[in-house]
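This report describes how two protein chains meet, how aromatic rings are arranged, and what surrounds one selected lysine. The sequence and structure are shown first.

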Amino acid sequence: MELSPELIKKIDARVEKYPTKRSAVLPLLHMIQEELRYIPDEAIEWVAHRLELEPMQVYEVVTFYPMLKRTPMGKKHVRVCRTLACALRGSYQVCKAIQEELGVELDHTTEDGEYSLEFMECLASCGTAPVVMVNEEHYDNVDVEKAREICRGLKK
Amino acid sequence: MPEEKRIILKYADEPGYTRDIDCYLKHGGYEILKKAVKMEPDTIHKEVMDSGIRGRGGAGFPTGLKWKFLDRKSGKPIYLICNADESEPGTFKDKQVIYKDPHQLIEGMMISAFCIKAKQAFIYIRGEFFEGAKILEEAIEEARAKNFLGDNILGSGYSCDLVVHRGAGAYICGEETGLIESLEGKRPYPRIKPPYFPAVLGVYQCPTIVNNVETLCNVKHILDMGGAEYAKIGVPNNTGTRIWCVSGHVQKPGYYEFPCGKITMGEMINDVCGGLFPGRTLKAIIPGGSSAKVLRADERFQGKLKDGTEFDWSIWDIPLDFDSPMACGSMSGSGGIMVMDDTTDIVQALSNLNAFYAHESCGQCTPCREGVQWMRKVTKRMCNGDSREGDADLLLSIANQIEGRTVCAFGEAAAWPVQSFVKKFKDDFEAYSKKPVVSSECGDNQLV
Ligand SMILES: Cc1cc2nc3c(=O)[nH]c(=O)nc-3n(C[C@H](O)[C@H](O)[C@H](O)COP(=O)(O)O)c2cc1C
Ligand code: SF4
Ligand code: FES
């Protein structure tokens, strides 16, 4: 596992911000996942070593949080909110449309590594439901038509 | 129609208002912090006490009192944490502040930190707010450059740094002791109270104050207008404004800020939110985020308020504040009002929520970990057409065995929807056994 020098610098600065090294576990994992798109075993070992922890103490964190991934996510990571306010406005239909458009199954990544599709729990945008995220970008009021449009945009 | 009174969201949606520090300063930003650092911390605390403000995160606990519980005798450093996890389904108010007016939160936090003499402050923000975290970090650097935080703030001799900490998609990190564990770099398993009241044994086993985004923003305005003046907004014991988030089956969903108790549910839904869709009638409302007990459209709510006055309300008459939804057997919780009209399949709606709680239980206590899964399985089975006689009672019995038997209030949060949905819509649940078997591709909670 190679981490870029810029990332190492960012990591060092981040660790400094906390009263204990252990507090930096989540931010470090976030940073590594941003670069590698998942958390491999070596990353767990690396973070443990950097923060003077047992690998187990990092592993238990990685396996708890839904946003931390043990396998690489697609380059375009699509997340659809499925909780009540979005479901009342049709988010399950939106999810179906996205599956069709992108040829990706729910909770899967396409074999070419292009797309991942996931259901999320309430994304704190219920007033503009249904909501969809693509990587870090957020889309409001996504009906089936708009979902197809977003997907077509991704394929370009 | 009652007028919105925007204090927290005063500028958020104003055309031309931007989230950078220059714009904030042009609108009088950081003037209250400048005033605060020249005051005695105890005087600020008194203003917060006098304001009567109650926490906006869910429980409605009086903020001044919470601060009073801080253990100062231990001599340990004190920490301030802003709870920006905003993960209660139906809630999207804190996001407006973070994305549109981040300096308001920072100013509120630095005043609060100065008041409680915090050594360091954190903002715990949910992981899905990628941009929100960046916005806050940029705003913090802007504020640091102008000495509104960091070392020797505005020459006062008081120093305090502010760090943004991102979660990673777990609802339980909104529970304050789960949040604290998460901030310490562990699994967010909530701690048992007592002894782990954050004000005594919080983060790093030090006295800690955890407050919601909206609460901390309010501190700035309390100091601006004075606690007594602030207390005149709203109604007794329910002071200030609240940001209500309306979602579901209304024409104009959104966030609306009103003085507490000065608007009723009916005015909110029918006037402010443009009413239901044409030809539809109301079925149910969840008044305070998904964990609050559901209210049925044709219920009558009767009883006595704390001050002794009797009330007899329809769902439309309920004043939106802290005490009234509570008097109706539910709660205002996080301020998330979820509206369901007559097209809603109530069993599927509960099934959808059960899936949420089953996904989000941290798994630490057996009644919660196992119970939420059972409840999810039962409603899922019902939705897939395999409803059995006695399912309603089975659901109730599971929920009743979770409530009051867990480490944290998530147990109640998961039990209350089940208890209230089943009790209030028993006919809907019983009718389910006559429904044909369906197999749905997307699962069981799709509603439409
Ligand atoms: C399961 C659960 C989830 C919670 N989620 C949140 C949340 O997302 N945001 C929040 O501010 N408070 C949340 N709370 C309430 C916090 O534990 C805490 O009471 C609150 O942040 C205190 O702030 P306040 O006094 O300003 O209201 C949650 C509580 C529970 C039991
Ligand atoms: S009640 Fe549920 S969420 Fe809370 S500590 Fe127990 S298992 Fe975890
Ligand atoms: S339910 Fe989808 S954003 Fe809240």
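## The interface between chains A and B

In this predicted model, 45 residues of chain A are in contact with 64 residues of chain B. Together the two chains bury about 4300 Å², and 60% of that area lies on carbon and sulfur atoms. Phe64(A), Leu84(A) and Leu88(A) account for 16% of the area that chain A buries against chain B, more than any other three residues.

Polar and charged interactions are also found across this interface. The number of salt bridges between chain A and chain B is 3. In one salt bridge, the side chain of Lys134(B) meets that of Glu136(A), with a nitrogen-to-oxygen distance of 2.8 Å. In addition, 20 residue pairs are in polar contact across the interface, counting pairs in which both residues have pLDDT 80 or more.

## Composition of the chain A side

Which elements give two or more residues to the side of chain A that touches chain B? They are the chain A elements α2 (25–36), α4 (55–62), α5 (84–88) and α6 (91–102). The largest share, 5 residues, comes from α2(A).

Sorted by class, the side of chain A that touches chain B has 22 nonpolar, 12 polar and 11 charged residues.

## Aromatic pairs

Over all chains, the count of aromatic pairs is 19. One of them joins Phe61(B) and Phe69(B), whose ring centres are 6.3 Å apart; with 40° between the planes, the pair is tilted. Phe61(B) is partly exposed because its relative accessible area of 36% falls between the limits of 20% and 50%. Phe69(B), at 47% relative accessibility, is likewise partly exposed.

A second pair consists of Tyr171(B) and Tyr357(B), with ring centres 6.3 Å apart. Why is this pair edge-to-face? The planes stand at 75°, and an angle over 60 degrees places a pair in that class, so the pair is edge-to-face. Tyr171(B) belongs to the loop between β3 (161–166) and α8 (176–183) of chain B, whereas Tyr357(B) belongs to helix α13 (residues 346–360) of chain B; the pair therefore ties together parts that are 186 residues apart in sequence. Tyr171(B) has a relative accessible area of 11% and is buried. Tyr357(B) is also buried, with a value of 1%.

Both chains contribute to one aromatic cluster, which is formed by Tyr18(A), Tyr79(B), Phe122(B) and Tyr204(B).

## The surroundings of Lys100(B)

Lys100(B) is located in helix α5 (residues 94–100) of chain B. Is Lys100(B) buried or partly exposed? Its relative accessibility is 22%, and buried residues must fall under 20%, so Lys100(B) counts as partly exposed.

When residues up to four places away in sequence are left out, Lys100(B) touches Ala12(B), Asp13(B), Tyr17(B), Arg19(B) and Tyr255(B). Tyr11(B) lies 89 residues from Lys100(B) in sequence, with a C-alpha to C-alpha distance of 8.4 Å. The side chain of Lys100(B) makes a polar contact with the side chain of Tyr255(B) at 2.6 Å. A polar contact also links the side chain of Lys100(B) to the side chain of Gln96(B), at 2.8 Å.

Methods
Residues are numbered from 1 along each chain as its sequence is written. Chains are lettered from A and ligands numbered from 1 in the order in which they are written. This is a predicted model: local features need pLDDT of at least 70, side-chain atom pairs count only at pLDDT 80 or more; totals for chains, interfaces and linings use all residues. Side-chain values use heavy atoms; hydrogens and water are left out. Contact means heavy atoms within 4.5 Å. Buried area is the accessible area (1.4 Å probe) that two parts lose on being put together, summed over both. A salt bridge is a side-chain nitrogen of Lys or Arg within 4 Å of a carboxyl oxygen of Asp or Glu. A polar contact is a pair of N or O atoms within 3.5 Å; within protein, one must be able to donate a hydrogen and the other to accept it, and residues adjacent in sequence count only if both atoms are side-chain atoms. Helices (H or I, at least four residues) and strands (E, at least two) are DSSP runs, numbered from the N terminus. Ala, Val, Leu, Ile, Met, Phe, Trp, Tyr, Cys and Pro count as nonpolar, Asp, Glu, Lys and Arg as charged, and the others, Gly among them, as polar. Rings of Phe, Tyr and Trp (its six-membered ring) pair if their centres lie within 6.5 Å; planes under 30 degrees apart count as stacked, over 60 as edge-to-face and the rest as tilted. Buried means under 20% relative accessible area, exposed over 50%, partly exposed in between (1.4 Å probe, protein chains only).
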